[in-house]
Amino acid sequence: MKQVVSSQQAIARNHLMEESVRLPELVEEALHIQMATMQKNGVEVVRDWQPVPEVVTDKHLVLQILVNLFSNACK
């Protein structure tokens, strides 16, 4: 997994791939990736979404940041 992330980071540094994304969907994707760890650590996720406009950003970079954030929160 570390090799995959390192490869993605190397590519991302050279080629930002900006696209329009819906932040709640991106957060849900990151939560899905970390859900097993969260459940194992007794973390309860409460969702209270408010309407937000789409943003143009590097989807994969933001997803990586969110996954790391949730991972750190579990620790």
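**Exercise 1.** Which residues does Glu28 touch, not counting residues up to four places away in sequence?

*Solution.* The structure is a predicted model, in which local features need pLDDT of at least 70, side-chain atom pairs count only at pLDDT 80 or more, and totals for chains, interfaces and linings use all residues. Residues are numbered from 1 along each chain as its sequence is written, and side-chain values use heavy atoms, with hydrogens and water left out.

Step 1. Locate the residue: Glu28 lies in helix α2. Helices (H or I, at least four residues) are DSSP runs, numbered from the N terminus.

Step 2. Apply the contact criterion, heavy atoms within 4.5 Å. With residues up to four places away left out, Glu28 touches Arg47 and Trp49.

Step 3. Look for a polar contact, a pair of N or O atoms within 3.5 Å; within protein, one must be able to donate a hydrogen and the other to accept it, and residues adjacent in sequence count only if both atoms are side-chain atoms. The side chains of Glu28 and Arg47 are joined by one of 2.5 Å.

**Exercise 2.** Determine whether Glu28 is buried, partly exposed or exposed.

*Solution.* Step 1. The classes rest on relative accessible area: buried is under 20%, exposed over 50%, partly exposed in between (1.4 Å probe, protein chains only).

Step 2. Glu28 has 27% relative accessibility, so Glu28 counts as partly exposed.

**Exercise 3.** Check the span of α3 and find where its buried residues lie.

*Solution.* Step 1. The expected span is 1.5 Å times one less than the number of residues. For the 16 residues of α3 this gives 22 Å, and the end C-alpha atoms are 23 Å apart, which agrees.

Step 2. Buried in α3 are Leu63, Gln64, Leu66, Val67, Phe70, Ser71 and Cys74. They cover an arc of only 165 degrees around the axis (taken from the directions from the helix axis to the C-beta atoms), so they lie on the same side of α3.

Step 3. Ile65, Asn72 and Ala73 are exposed on the other side of α3.

**Exercise 4.** Identify the largest nonpolar core and the helices that supply it.

*Solution.* Step 1. A nonpolar core is a set of buried Ala, Val, Leu, Ile, Met, Phe, Trp, Tyr and Cys residues joined through side-chain atoms within 4.5 Å.

Step 2. The largest has 10 residues: Leu26, Val27, Ala30, Leu31, Met38, Leu63, Leu66, Val67, Phe70 and Cys74. At least two of its residues come from each of α2 (23-40) and α3 (59-74).

Step 3. Take one member: beyond its neighbours within four places in sequence, Leu66 is in contact with Leu26, Val27 and Ala30. The buried residues of α2 pack against α3.
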